[in-house]
Amino acid sequence: MDGDRSTMMACLGIESTAHTFGASVVTGDGKILSDVRSTYRPPPGSGIHPREASRHHAAKAPELVASALSSASLRVDEVDCVAYSAGPGLGPALRVGAVVARALAAYYSKPLVPVHHAIGHLELGRLLTGASRPVSLLVSGGHTMVLLPRRSRWRVFGETLDVTVGQLLDQLGRYMGLPSPAGPEIESLAGGGSRLLDLPYVIRGNDLSFSGMLTAAKRYIASGARREDVAFSVQETAFAMLCEVSERALAFSGSGELMVVGGVAANSRLRAMLESVARRQGARLELVPPRYSGDCGAQIAWTGILHYSHGLSVDPRASRVIQRWRLDEVTLPWIDR
Ligand code: AMP
Ligand code: MG
């Protein structure tokens with residue numbers, strides 16, 4: 001980044017891909033001046049309804065944007081750019097963040113910077129951990145991937161072929177009547193489990209499949225197995241799969257860093273299992289503080305800073321949202337080697 005100009009910069013970032021509406025102000029030297037958010041919670045037993053999520057976001061947006069700015073002691077006209085998560089995600093939810101960002105950028109004549117949500121997780125992870133070229137496990141509601149930053153892109157080493165690990169936990173939770181997102185409740189249920197039930201462990205090449213495990217886990221619940229044992233077995237089996245592919249990527253790349261980001265990275269059992277993987281491979285496990293592992297405005301504000309300081313912004317009239325968008329299609333000039 002270019003010295004003084006970028007370190008003095010401040011970016012207002014807006015996140016609204018799924019459950020969470022978030023707003024944050026981050027500076028060019030990576031200080032998170034503010035980060036506020038509100039999460040839409042559907043009734044227990046049901047999943048996210050895109051229109052309801054967008055209503056939640058539209059209702060919360062004004063106070064959250066105002067609060068992000070006032071906690072950062074800045075007015076809108078004092079920020080250097082406005083970034084928004086342009087995708088991938090749920091159309092109605094994405095559009096709320098895009099409309100808010102577009103309106104602020106147009107009215108205050110600020111550069112508008114579209115950000116790929118998952119790249120936000122990865123880059124905020126690098127900022128907060130100090131990792132440089134880590135093998136990265138991205139485990140969230142929308143993504144399950146093992147990646148490496150190489151030659152202007154985050155390159156995919158392996159990924160899920162069907163549902164993400166977040167969807168596996170959320171859909172199992174919904175089937176059990178738990179509130180969504182169910183990851184934390186599954187984690188606490190798993191703490192009371194002891195019996196390892198047999199579940200499909202499916203890895204093809206470096207890619208993973210979780211849909212058979214979800215079906216089998218629901219079948220165990222339907223046939224009266226203890227919920228604690230099902231939650232325990234799903235965590236042990238799914239996380240072992242993630243560890244196997246992450247370990248292979250570490251061995252293949254020779255990277256001395258293993259970073260884990262995304263909402264599922266908050267899970268302490270996953271963290272402990274990855275700690276063993278890193279130790280075996282002589283690598284350091286880089287953990288994002290749980291507060292910043294899930295969706296938040298800071299991931300968008302920081303990636304907005306990176307893009308803007310490398311010359312990217314768009315005309316608000318031409319800005320759009322992209323519901324399906326692979327992260328390895330995005331060119332990132334700051335990943336140079
Ligand atoms: P994100 O899309 O990055 O906000 O991540 C959301 C996903 O993280 C959802 O699928 C949640 O169920 C999951 N999640 C959040 N906390 C935990 C946890 N402690 N253990 C497992 N999954 C979690
Ligand atoms: Mg996410």
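**Notebook: a sheet, a metal site, cysteines and two residues**

I began with strand S11 (residues 257-261) and found that 4 bridges join it to S12, the two strands running parallel. I then looked up one residue pair across this join, and in S12 the bridge partner of Glu257 is Arg284. I keep in mind throughout that this is a predicted model.

Next I followed the sheet to which these strands belong. It is an open sheet of 5 strands in the order S8-S7-S6-S11-S12, and its pairing is mixed. Which strands stand at the edges? They are S8 (153-159) and S12, and because each has a single partner strand, one side of each is left without a neighbour in the sheet. I also noted that neighbouring strands of this sheet are turned by 25° against each other on average, with direction ignored. As a general reminder to myself, strands of a sheet pair through backbone hydrogen bonds, either parallel or antiparallel.

**The magnesium ion**

I turned to the magnesium ion (ligand 2) and asked which protein atoms are its donors. They are His117 (NE2), His121 (NE2) and Asp295 (OD), lying 2.1 to 2.2 Å from the ion. Along the sequence I wrote the spacing of these donor residues as H-x3-H-x173-D. The pair of His117 and Asp295 links distant parts of the chain, since the two are 178 residues apart, with His117 in helix H4 (residues 117-129) and Asp295 in the loop between strand S12 (284-287) and helix H10 (297-309). I checked whether these two donors are buried or exposed. His117 counts as buried because its relative accessibility is 5%, and Asp295 is buried too, with a relative accessible area of 19%, a value to be read against the cut-off of under 20% for buried residues.

**Arg37**

Asp295 came up again when I looked at Arg37, a residue of strand S3 (residues 32-39). Leaving aside residues up to four places away in sequence, Arg37 touches Thr20, Phe21, Gly22, Leu64, Arg291, Tyr292, Asp295 and Cys296. Two polar contacts of its side chain went into my notes: one of 2.7 Å with the side chain of Asp35, and one in which the side chain of Arg37 reaches the backbone oxygen of Arg291 at 2.9 Å. With a relative accessible area of 26%, Arg37 is partly exposed. I also recorded that Arg37 and Asp315 are 278 residues apart in sequence and 26 Å apart in space, C-alpha to C-alpha.

**Cysteines**

Since Cys296 is among the residues touched by Arg37, I went on to the cysteines and asked how many disulfides there are. The count comes to 0 disulfides, where the rule requires two cysteine sulfur atoms within 2.5 Å. Why is there no bond at Cys11? The closest cysteine sulfur to that of Cys11 is in Cys81, and because it lies 3.5 Å away it is too far for a bond. For Cys296 the closest cysteine sulfur is that of Cys11, which at 13 Å is likewise too far for a bond. Cys11 counts as buried at 0% relative accessibility, and Cys296 is buried with a relative accessible area of 0%.

**Thr27**

My last entry concerns Thr27, which is found in strand S2 (residues 20-27). Thr27 counts as buried because its relative accessibility is 10%, and a polar contact of 2.5 Å joins its side chain to that of Asp29.

Terms used: Residues are numbered from 1 along each chain as its sequence is written. Chains are lettered from A and ligands numbered from 1 in the order in which they are written. This is a predicted model: local features need pLDDT of at least 70, side-chain atom pairs count only at pLDDT 80 or more; totals for chains, interfaces and linings use all residues. Side-chain values use heavy atoms; hydrogens and water are left out. Buried means under 20% relative accessible area, exposed over 50%, partly exposed in between (1.4 Å probe, protein chains only). A polar contact is a pair of N or O atoms within 3.5 Å; within protein, one must be able to donate a hydrogen and the other to accept it, and residues adjacent in sequence count only if both atoms are side-chain atoms. Donors are N, O and S atoms within 2.8 Å of the metal (3.2 Å for Na, K and Ca); water is not among the atoms, so sites may look incomplete. Two strands pair if DSSP finds at least two bridges between them. Axes are lines fitted to C-alpha atoms, for helices over the stretch in contact, and angles run from 0 to 180 degrees between N-to-C directions. Contact means heavy atoms within 4.5 Å.
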